[in-house]
Amino acid sequence: MSDFLEFDTLSLHAGQTVDKEFGARAAPIYQTTSYVFPDTDTASSIFNLERGGHAYSRITNPTVGVLEQRIAALEGGSAAVCTASGMAATFVAITAILGQGDHIVASSQMYGGNISLMKNTLPRFGITATFVDPKDIDGFKNAIQDNTRLIYGELIGNPGLDILDLEAIASIGDKHHIPFMVDATFNTPYLCRCFDHGVNITIHSVTKWMGGHGTAIGGVVVDGGNFDWGRTDKYPTITEDYAPFQGINLWEEFGPSAFATRIRAEAMRDIGPSMAPMNAFLLLQGIETLSLRMEKHRTNTEKMLEYLSNHDRVSWVSHPSLPSHSSHELAKKYLPKGAGSIVSFGVKGGREAGKAFIENVELASHLANVGDAKTLIIHPATTTHSRIDADALVAAGITEDMIRLSVGLEDVKDLQADFETGFRAAKKVAGD
Amino acid sequence: MYFEVNGKQAFATTGGKTLDSSLPTVIFLHGSGLDHTFWGLQSRFFAFRKYSVLVPDLPGHTHSEGPPLDSIEGMADWLNDVTIALGVKDLSVVAHSQGCLVALEFASRYPEKIRTVSLIASGLATPVNDALIEAAEKNPEAAIAMMVSWGFGPAGHLHQGPIPGNSMVAGGRKVMRGNVPNELATDLRACNAYTNGKAAAAAISCPVQVILAGKDRMAPRRAGMQLVEHLNDPELHIIEDSGHMVPQEAPNQCRALLRDFIFSNNPA
């Protein structure tokens, strides 16, 4: 076997030890809550973090473990922790290191759930955030406060698709000794391995492209293992003794996986947003074909961009691969294999025309998800981003006529025929 | 914990328990370019079973102040200074790879302190090819890639591992990135220059345990068997499925072997 296995090989094999009893080739679904200990010494060793192993599926599970180790391998991270959803991953990652009085500098262009978490929910726990235009690097610098403990953003912003300048922002974090956490859902490690550009922690909603089939909700936090937590006293949850585990010092004991271990030891035990083993199995099936699907997403996106850009019922089209996009150069730098399969466009005739378009297409599914094998569409202003206020909508780059398209894997000819039906309905509503 | 040795700050973990110098102490010695985190799946076990545990970072490595030491003999003397500074006694020395050379030298120079020696994945010497030393000096990332590539067996490269969610290969890479270029290059040169293995091995009189790995490409079995031949009646174990990084690739087997050997020969 060659060393340093390549991406496609890791997508199929990483993290799985073939079942020794029956030789199952697919990762078995360990649908169990708990595990029989061979003796009391082993039991106490597992509970005391002296050895690896499974005690209770809220904290670890063998099927989920395969998925975690596979994603860690694909990302180049030292450790990963899967959660029940992408939002759960974001929450446990933030609260692993932030608490009362701490502050986040975050991109203003993110999934509505991320914005709501930082704007509405985390302040109830004493954690505040300043939102910054993702293109405004000086804005990130200027927003750093004495109590800032995290810089957060999405590499491909949802839904405006602005690209974060990872290296520029990482250098700000490095200067102030603040970790840089990126929601990498839209890019997946196939399009960009964020740790290669100075990012310290990634979050994925693996519900999306990683799983890719719209069958299971899940999230993951990946520890890049590249942040020196011990350089300051800003992160006591990592660097100071942790009483529930007999005063363990996670930074001293676990080094590059200390952050992931904190999530495992605290959030998964005390809060318990665990991924179900069946979901892990379904998501593993998706990851096995990640590169094949991402490549087809790319080629289909290119064809749909050409189609939409030349359509007389489309007022505008936005995608980072287009030279007209403000993040085009950053997309070339960070996403050379493709800038994702989310496209934003406006339907001539505004909100009502957009509504008519959505209600008359049939292959494209109107729903609140992205990254499915099937093509999906939605009107962000009234759905995914409806819980954020008007100013935040503008900051997020969302307009009333915007339709978010998640390009699927269908034959493009059929998609375009479907869109023609939608555009005809939109034209009738627009009345021009 | 941080402590001072020869006027410089040094670091060692103690397995999650406060160091108690009245107890028998298990000292774990890491290999080239690595640090204390290499031993996490062994050290904590002993600390919670009535032993004191000391897992130092060699000078210059991760948390210990530099410069790195440029000879195996110097490392052995530094380790002796550590034991004096901390007042630990009844020592069980557990060592991996380069650490084994240090352990051989330490045990032969300071036999009165030592109750057992466990040598994991090593021979009598560790010859290092010039390309690796040159890479460590001029292109550390290439050197790390070589060492991680050769160091881990198939399980490591498949990102399998004993701790759910963790990647041994990535973790090893991250630790080594913190110890380049000087520490790794100096370690490798020190290994390459060390020639006293036969004499040191023959001089050790306490019980010795040797654990070799069937898929070790850095210290192949024949090199390990040469070490065995020069020791005084060592206990030998071979873990067939493991690569060079035995304490991480086969932690449960490794821990069980260490437990049985140390519990019986240096009881707490």
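These legends walk you through four close-up views of a predicted model.

**View 1. Helix H7 of chain A and its buried side.** Helix H7 of chain A runs over residues 166-176. Its buried residues are A:Leu166, A:Ile169, A:Ala170 and A:Gly173. Those residues lie on the same side of H7(A), because they cover an arc of only 105° around the axis. What do the buried residues of H7(A) pack against? Look for two helices and two strands of chain A: helix H6 (137-143), helix H14 (328-334), strand S4 (148-154) and strand S5 (180-183). Just after H7(A) comes A:His177, and its phi is positive, near 55°.

**View 2. A:His176, a residue of helix H7 in chain A.** Here we stay with helix H7 of chain A, where A:His176 is found. A:His176 has 17 C-beta neighbours inside 10 Å, so it counts as partly exposed; a buried residue would need 20 or more. If you set aside the neighbours within four places in sequence, A:His176 is in contact with A:Ile144 and A:Thr148. For a sense of scale, try finding A:Pro123 too: it is 53 residues apart from A:His176 along the chain, and the C-alpha atoms of the two are separated by 23 Å.

**View 3. Helices H2 and H3 of chain B where they cross.** Two packed helices are described by the angle between their axes and the distance between the axes. In this view, the axes of helix H2 (residues 72-86) and helix H3 (residues 98-109) of chain B come within 8 Å and cross at roughly 60°. H2(B) and H3(B) are therefore oblique to each other, and their crossing is right-handed. On the H2(B) side, the contact is made by B:Ile72, B:Glu73, B:Met75, B:Ala76, B:Leu79 and B:Asn80. H3(B) brings B:Leu101, B:Val102, B:Glu105, B:Phe106 and B:Arg109 to the contact. Sorted by class, the residues of this contact are seven nonpolar, one polar and three charged.

**View 4. Chain A where it touches chain B.** How many residues does each chain give to the contact? Chain A supplies 40 residues and chain B supplies 28 residues. On the side of chain A that touches chain B, the elements giving two or more residues are helix H3 (62-75), strand S1 (79-83), helix H10 (250-254) and helix H11 (258-271). H3(A) gives the most to this side, with five residues. By class, the chain A side of the contact has 14 nonpolar, 19 polar and seven charged residues.

Methods:
Residues are numbered from 1 along each chain as its sequence is written. Chains are lettered from A and ligands numbered from 1 in the order in which they are written. This is a predicted model: local features need pLDDT of at least 70, side-chain atom pairs count only at pLDDT 80 or more; totals for chains, interfaces and linings use all residues. A residue is buried if 20 or more other C-beta atoms lie within 10 Å of its own, exposed if 12 or fewer, and partly exposed in between; C-beta atoms are placed from the backbone. Helices (H or I, at least four residues) and strands (E, at least two) are DSSP runs, numbered from the N terminus. The arc is that of the directions from the helix axis to the C-beta atoms. Two residues are in contact if their C-beta atoms, placed from the backbone, lie within 7 Å. Axes are lines fitted to C-alpha atoms, for helices over the stretch in contact, and angles run from 0 to 180 degrees between N-to-C directions. Angles under 35 degrees count as roughly parallel, over 145 as roughly antiparallel, 65 to 115 as roughly perpendicular and the rest as oblique. A crossing is left-handed if the near helix is turned anticlockwise from the far one by less than a right angle, and right-handed if clockwise. Ala, Val, Leu, Ile, Met, Phe, Trp, Tyr, Cys and Pro count as nonpolar, Asp, Glu, Lys and Arg as charged, and the others, Gly among them, as polar.
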